[in-house]
Amino acid sequence: MSDTVQAVVLGLFTLAGGVWVGGYAAIVVVARVATRTLTPAHRVAFFRALGRAYLAVGLPALLVALGTGAVLITGRRWDATCSAAAGVAAALVAALLLGVVQARRMGRLRGIALAAPEDAARQHQVRQGARAAALLRGGIGLLTLALIALGSMLAT
């Protein structure tokens with residue numbers, strides 16, 4: 001690959017990675033503030049809209065980062081670090097797919113719980129789902145950090 005092409009691919013990789021990580025960090029901050037300031041009904045509507053909007057920005061950024069990262073390591077001898085990076089990238093994509101499914105399920109569950117606030121069992125399901133969602137978001141964050149660390153190792 002020519003130096004010019006490599007520079008363009010590296011620029012796209014850096015931009016896409018920045019959008020992914022920056023957007024992820026921003027969502028963590030927004031989620032905390034929204035949870036403290038919005039009523040439950042407004043939170044459901046807000047997070048539904050936020051999720052759809054971020055999916056349209058974050059997913060392409062992640063895919064571009066993964067694709068350009070793969071291009072940047074072509075020609076490199078495949079080793080344990082490459083294997084680990086590929087495994088972490090696959091786990092990250094799987095966790096994101098699970099996150100989308102979980103977010104849609106939680107949106108429906110919260111809507112039902114709002115309609116029947118006296119249903120203690122449903123409220124308990126919402127609390128359990130919220131804990132699971134927090135763990136999943138944390139896992140996505142850890143996978144992202146692991147992929148950054150592995151990518152840094154591959155860049156040397």
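Gln-102 sits in helix H3 of this predicted model. Its relative accessible area is 15%, and because buried means under 20%, Gln-102 is classed as buried. The side chain of Gln-102 makes a polar contact with the backbone oxygen of Gly-129, at 3.2 Å. When neighbours within four places in sequence are left aside, Gln-102 is in contact with Gly-129, Ala-133 and Leu-136. Gln-102 is also one of the lining residues that lie nearest the centre of the largest pocket.

Gly-139 belongs to helix H4. Along the chain, Gly-139 and Gln-102 are 37 residues apart, and their C-alpha atoms are separated by 14 Å. Is Gly-139 buried or partly exposed? With a relative accessibility of 26%, Gly-139 counts as partly exposed.

**The chain as a whole**

The secondary structure of the chain consists of 4 helices and 0 strands, and the order from the N terminus is α-α-α-α. Taken along the principal axes, the C-alpha atoms fill a box of roughly 65 × 25 × 20 Å. The chain has 156 residues, of which 26% are buried. Among contacts with a separation of 6 or more, 76% are between residues 24 or more positions apart.

**Helices H1 and H3**

Helix H1 covers residues 3–37. How far apart should the ends of its 35 residues be at 1.5 Å a residue? The expected span is 51 Å, and the end C-alpha atoms are 50 Å apart, so the two values agree. The buried residues of H1 are Val-9, Ala-16, Trp-20, Gly-23, Tyr-24, Ala-31 and Ala-34. These buried residues pack against H2, H3 and helix H4. As background, an α-helix has 3.6 residues a turn, so residues three or four places apart point the same way.

H3 has 36 residues. From its first C-alpha to its last, H3 reaches 52 Å, close to the 52 Å expected at 1.5 Å a residue.

**Asp-79 and the start of H3**

Asp-79 lies in the loop between helix H2 (40–72) and helix H3 (80–115). The relative accessible area of Asp-79 is 17%, which is under the 20% cut-off, so Asp-79 is buried. At the start of H3, a side-chain oxygen of Asp-79 comes within 3.2 Å of the backbone nitrogen of Thr-81. The Asp-79 side chain also reaches the backbone nitrogen of Cys-82, at 3.0 Å.

**Two pockets**

The values for the largest and second largest pockets are set out below.

| Pocket | Volume | Lining | Lining by class | Top contributor |
|---|---|---|---|---|
| Largest pocket | about 1700 Å³ | 45 residues | 28 nonpolar, 7 polar, 10 charged | H3, 14 residues |
| Second largest pocket | about 750 Å³ | 29 residues | 20 nonpolar, 8 polar, 1 charged | H1, 8 residues |

Which residues of its lining lie nearest the centre of the largest pocket? They are Phe-47, Gly-99, Gln-102, Ala-103 and Arg-137. H1, H2, H3 and H4 each supply at least two residues of this lining, and H3 gives the most, with 14 residues. The lining of the largest pocket includes 10 charged residues alongside 28 nonpolar and 7 polar ones.

In the second largest pocket, the lining residues nearest the centre are Phe-13, Ala-65, Gly-69, Leu-147 and Gly-151. The elements that give two or more residues to its lining are H1, H2, H3 and H4. H1 gives the most to the lining of the second largest pocket, with 8 residues. By class, 20 residues of this lining are nonpolar, 8 are polar and 1 is charged.

**Ser-152**

Ser-152 is found in helix H4. Its relative accessible area is 43%; partly exposed covers values between 20% and 50%, so Ser-152 is partly exposed. Ser-152 and Leu-92 are 60 residues apart in sequence, and the distance between their C-alpha atoms is 17 Å.

Notes. Residues are numbered from 1 along each chain as its sequence is written. This is a predicted model: local features need pLDDT of at least 70, side-chain atom pairs count only at pLDDT 80 or more; totals for chains, interfaces and linings use all residues. Side-chain values use heavy atoms; hydrogens and water are left out. Buried means under 20% relative accessible area, exposed over 50%, partly exposed in between (1.4 Å probe, protein chains only). A polar contact is a pair of N or O atoms within 3.5 Å; within protein, one must be able to donate a hydrogen and the other to accept it, and residues adjacent in sequence count only if both atoms are side-chain atoms. The expected span of a helix is 1.5 Å times one less than its number of residues. Contact means heavy atoms within 4.5 Å. On a 1 Å grid over the protein atoms alone, a cavity is a set of points where a 1.4 Å probe fits but cannot get out, and a pocket is an open set with protein on both sides within 12 Å along at least five of seven lines; lining residues have an atom within 4 Å of a point. Grid points are joined across faces, edges and corners, and a volume is the space filled by probe spheres set on the points. Ala, Val, Leu, Ile, Met, Phe, Trp, Tyr, Cys and Pro count as nonpolar, Asp, Glu, Lys and Arg as charged, and the others, Gly among them, as polar.
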